[in-house]
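Welcome, and thank you for opening the viewer. Please load the structure, turn on residue labels, and follow along one stop after another.

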Amino acid sequence: MLDWIHLYIFALAATATVLVATEKAHLTVVGVGLILGVCAWPGLVEPALAVQGFGNKAVVTVGALYVVGEGFLRTGAASLLAERILARTGNSEVMVTLLIMGMAALLSAFVNNILVVVTFLPVITTICRRTGIYPSRLLIPLSYASIVGGMTTLVGTSTNLLVSGVLEDLGEPKIEFFEMTPLGLVLAVTGIAYLALIGRKLLPRIPSLASQPGAQDLREYVTELTLRSGSPLVGMRVADLGKEASGPRPRVGMVVRDEVALHPPFGDTELQERDIITLSGQVGDLAELHTSKAHSSDREALSTGRKPPQETERFDPNAMSFFELATAPDASVLGKKVKNLQLKTHHDASVVGLLRRGHHIRERLSELRMTTGDVLLAFGPDSAKDSLRRSGDFHLIEGVDEKIYRREKASFALAVLGVVVLLFILGVDPVVTALLGATAMVLGSCLTIEQAQRAIHWPILIFIAGTLALSQGLRASGADVLLAQAFQDVFGPLGDRALLGALFLATVGLTELLSNNAVAVVMTPVALALGRTAGLDERALVMAVAFGASISFANPLGYKTNLLVLGPGGYRFRHFLRVGLGMDLLLALVGIMLLPWFFPLHG
C-alpha cells in the first residue's frame with residue numbers, strides 16, 4: 001500500500017532525476033542532497049548508515065581504477081596501440097571506424113571507458129587531419145563502442161562494479177570477473193555491427209577546427225567584443241559590420257550599450273565607443289577579428305570582454321595558436337560564468353568563443369554559464385595548453401603527436417594493468433586489487449600523486465555515494481517491494497519473459513533520463529525484490545539491470561562518454577537520438593531474448 005514515506009522517497013528520486021537531467025545542480029550537490037534527504041525523514045536511515053556509501057567497496061574500487069587507467073594512458077601505452085590505426089587503414093572511413101570501435105571496446109573491457117574516450121580524442125583528431133574524415137563521423141562510434149566494451153567484464157564500467165557492490169551489501173554473491181562476458185560479447189558485437197552497417201549512415205558531417213584548420217567550418221561560436229577608443233568600427237552601422245569580408249561574415253546577435261541590450265533589427269543604429277558586441281560566426285571569422293585588429297594601433301581597438309586597454313588580450317601569430325577546449329563532464333567550472341573562469345590568470349589562455357551543442361546563442365559570452373558539452377575556442381602559447389591539460393576541467397582536442405607521454409613507462413604500465421586483471425580473475429578482493437594497482441602506478445612513476453588525485457572523478461563518486469543512500473532509503477521504506485509488486489501486477493500475467501522485458505526496458509529508459517550509475521544502484525534492490533515476489537531467479541533479474549543500465553545511446557546526458565564527445569563532435573541532441581535510438585532498441589531486444597539462455601529465469 002502506497003504510504004507517505006513511499007511518496008517522499010519517490011519525490012526525492014524524481015527531484016534528483018530532474019536536477020541531473022536539466023543540469024540545474026552539480027553532481028556533488030545532488031549526491032550530498034540525497035544523503036541529507038534520506039536522513040531527513042525521521043527513523044528512515046540513520047546518518048551513520050547514509051554516509052556508508054563513501055566507504056562502499058565498489059566506490060573505492062572505482063576511484064582506484066581511475067588512477068590505474070590514468071597511469072596506463074599517461075604512459076602512452078594505449079595511444080601507441082591506437083596510432084597503429086594510422087598505418088593500417090589508409091583513408092578508408094569504414095576501416096578507420098571499425099578499428100577505432102574494436103580497439104575502444106577492447107580497452108574499455110579493462111580500463112574505465114571515460115579514460116579510453118579521453119585518450120582517443122586526440123588520436124581521432126590526428127586521423128581526421130591526415131585523412132579528411134569528419135570527426136563527427138568517428139566520435140559517436142567511439143563513445144558507443146566504449147560503452148558496449150564496458151559491458152563485457154566486471155571492471156569494464158563502474159555500473160557493473162556498483163551492482164556487484166550492492167549485491168554484497170545485501171548478502172548476495174558478488175558478480176565474478178567474467179560472469180557477464182558471454183552475453184556482453186554478443187551485445188558488443190551486435191552494437192558494433194549496427195554502427196558499421198546502419199548507424200554510420202545516420203552520422204552527420206561536421207568539421208572541427210582542431211582536425212581541419214583549413215576547412216570551411218560549419219560550426220558557429222559566439223564571441224564578445226568591446227569597442228575601444230580609436231576603433232575603426234566606431235561610427236559604423238551595425239548592419240554593415242563585416243560587409244568587407246570576402247566570405248561568410250560574423251552575425252551580430254546583440255549590442256550592449258550602457259547596460260541596455262539592443263537586438264536585431266538594428267536599422268540605422270551606429271556603433272559607439274564602449275559598445276559591447278555579441279557576434280556569432282565560424283572559427284575563421286572570429287580568429288580573423290582577433291588577428292587583424294591586434295596590431296591596428298598602439299592602443300588596442302578591439303578586445304574581449306570589459307577589460308581596460310592595458311589588460312586586453314592580443315593574438316600573436318608567431319607565439320600563439322588557437323585551440324579548442326572540451327569541457328569535462330564533472331568539471332569544477334560547470335555553472336560558472338565565462339567571465340569568471342580566469343583562464344588568463346591561471347593558464348595564460350584567452351577565450352574568444354563558445355560552442356554549445358550547435359545552437360546559435362544570443363546571450364553575452366561573458367555572462368554565459370558553462371554547461372556540460374560546451375567547447376571553448378581559445379588562444380595562447382604552448383605553455384597555456386600544457387597548463388590546461390593538467391587542470392582536469394578541460395580536454396584539449398589536439399593531435400596525438402602533440403600530447404606528452406611517459407613512453408619509457410609504457411611497458412611497466414601495461415604489466416601493472418595485466419597483473420590487476422589477473423588478480424581480479426583469481427578472485428582477490430577488488431578493493432585490494434585496485435588499490436595495489438593504483439599504488440604501483442604512482443610508485444612506478446607512471447603518474448605523480450597530484451595527477452593521481454586529479455584522475456579521480458570525485459563528483460561522480462560523491463553522486464554514487466548519494467545514490468547508495470537513496471537505495472538504502474528504498475529498502476528501509478519498503479519502496480523497492482512496492483515497485484516490485486507493481487511490476488508483478490502489471491506484467492506478471494503476461495509471462496516471465498514479459499516481466500524480464502519490462503524490467504530491462506524500464507532500466508534502459510531510466511538510464512537515458514538519469515545516470516547509469518544511479519539507475520544501477522536504485523534498480524538492483526528492486527530486481528531482487530521482484531525475483532522474490534515473482535518466484536524468478538534473482539540473478540537473472542539483477543543482470544537485466546546491469547546490462548540495461550549500460551544501454552544509453554539516445555541521450556548524451558545518460559552516459560559520461562556521450563557527454564565527452566558531444567562538444568568536440570559539434571553534435572546536437574538529435575544526432576544521438578537519430579543514431580542511438582535504434583541501438584537502444586536493438587540491444588534491449590537482443591538482451592531480453594538471450595539473457596535467459598545465459599542466466600535462466602528459473603534456477
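Before the first stop, one term: a pocket is an open set of grid points where a 1.4 Å probe fits, with protein on both sides within 12 Å along at least five of seven lines. Its volume is the space filled by probe spheres set on those points. Keep in mind too that you are looking at a predicted model.

**Stop 1: the pocket**

With that term in hand, turn to the second largest pocket, which holds about 480 Å³ of space. Its lining has 28 residues, and the closest to the centre are V20, E23, A25, L334 and T372. Select those five to find the place. Now colour helices α1, α17 (458-477), α20 (516-534) and α22 (560-566), since each of them supplies at least two lining residues. Which helix gives the most to this lining? That is α1, with three residues.

**Stop 2: the whole chain**

Zoom out and show the cartoon. You should see a chain with 23 helices and nine strands. It has 603 residues, of which 59% count as buried. Switch to a surface view: about 23,300 Å² is exposed, and carbon and sulfur atoms supply 60% of that area. Contacts tell you how the chain folds back on itself: among those between residues at least 6 apart in sequence, 78% join residues at least 24 apart.

**Stop 3: the start of the chain**

Keep the surface on and select L2, W4 and L7. Together these residues make a nonpolar surface patch of about 350 Å². L2 sits in the segment before α1 (4-22). Is L2 buried, partly exposed or exposed? Its relative accessible area is 47%, so L2 is partly exposed.

**Stop 4: salt bridges**

Hide the surface and show side chains as sticks. Side chains of opposite charge can pair when their charged atoms come close. This structure holds 12 salt bridges, and three of them make good viewing.

Select K57 and E168 to begin. Their closest N and O atoms are 3.5 Å apart in a salt bridge. K57 is in helix α4 (residues 57-74) and E168 in helix α9 (residues 158-169), so the pair links distant parts of the chain, 111 residues apart. Both ends are partly exposed: K57 has 35% relative accessibility, and E168 has 32%.

Next, select R137 and E93, whose side chains meet in a salt bridge with 2.9 Å from N to O. This pair also links distant parts of the chain, 44 residues apart: R137 is in the loop between α7 (113-131) and α8 (139-150), while E93 is in helix α6 (residues 93-108). Here both ends count as buried, R137 at 5% relative accessibility and E93 at 16%.

For the third pair, select E179 and R539. They form a salt bridge with their closest N and O atoms 2.9 Å apart. E179 lies in the loop between α9 and α10 (181-197) and R539 in helix α21 (residues 538-548), so the bridge ties together parts that are 360 residues apart in sequence. At 22% relative accessibility, E179 counts as partly exposed.

Before moving on, add D429 to a selection of K57 and E168: salt bridges that share partners join these three residues into one network.

**Stop 5: a buried threonine**

Select T433, in helix α15 (residues 430-443). How accessible is T433? Its relative accessible area is 0%, so T433 is buried. To see what surrounds it, show V420, L423, F424 and V428, which T433 touches when residues up to four places away in sequence are not counted.

**Stop 6: two positive phi angles**

Finish with the backbone. Select Q342, in the loop between β6 (321-327) and α12 (343-347). Its phi is near 55°, a positive value in a residue other than glycine. Q342 is partly exposed, at 43% relative accessibility.

Then go to D348, in the loop between α12 and β7 (350-355). D348 is not a glycine either, yet its phi is positive, at about 60°. With a relative accessibility of 34%, D348 counts as partly exposed.

Terms used:
Residues are numbered from 1 along each chain as its sequence is written. This is a predicted model: local features need pLDDT of at least 70, side-chain atom pairs count only at pLDDT 80 or more; totals for chains, interfaces and linings use all residues. Side-chain values use heavy atoms; hydrogens and water are left out. Patches are made of residues with over 30% relative accessible area and no salt bridge: like charges are joined within 9 Å, nonpolar side chains (Val, Leu, Ile, Met, Phe, Trp, Tyr) within 5 Å. Accessible areas come from the Shrake-Rupley method with a 1.4 Å probe; for residues, only the protein chains shown count as cover. A salt bridge is a side-chain nitrogen of Lys or Arg within 4 Å of a carboxyl oxygen of Asp or Glu. Helices (H or I, at least four residues) and strands (E, at least two) are DSSP runs, numbered from the N terminus. Buried means under 20% relative accessible area, exposed over 50%, partly exposed in between (1.4 Å probe, protein chains only). Contact means heavy atoms within 4.5 Å. On a 1 Å grid over the protein atoms alone, a cavity is a set of points where a 1.4 Å probe fits but cannot get out, and a pocket is an open set with protein on both sides within 12 Å along at least five of seven lines; lining residues have an atom within 4 Å of a point.
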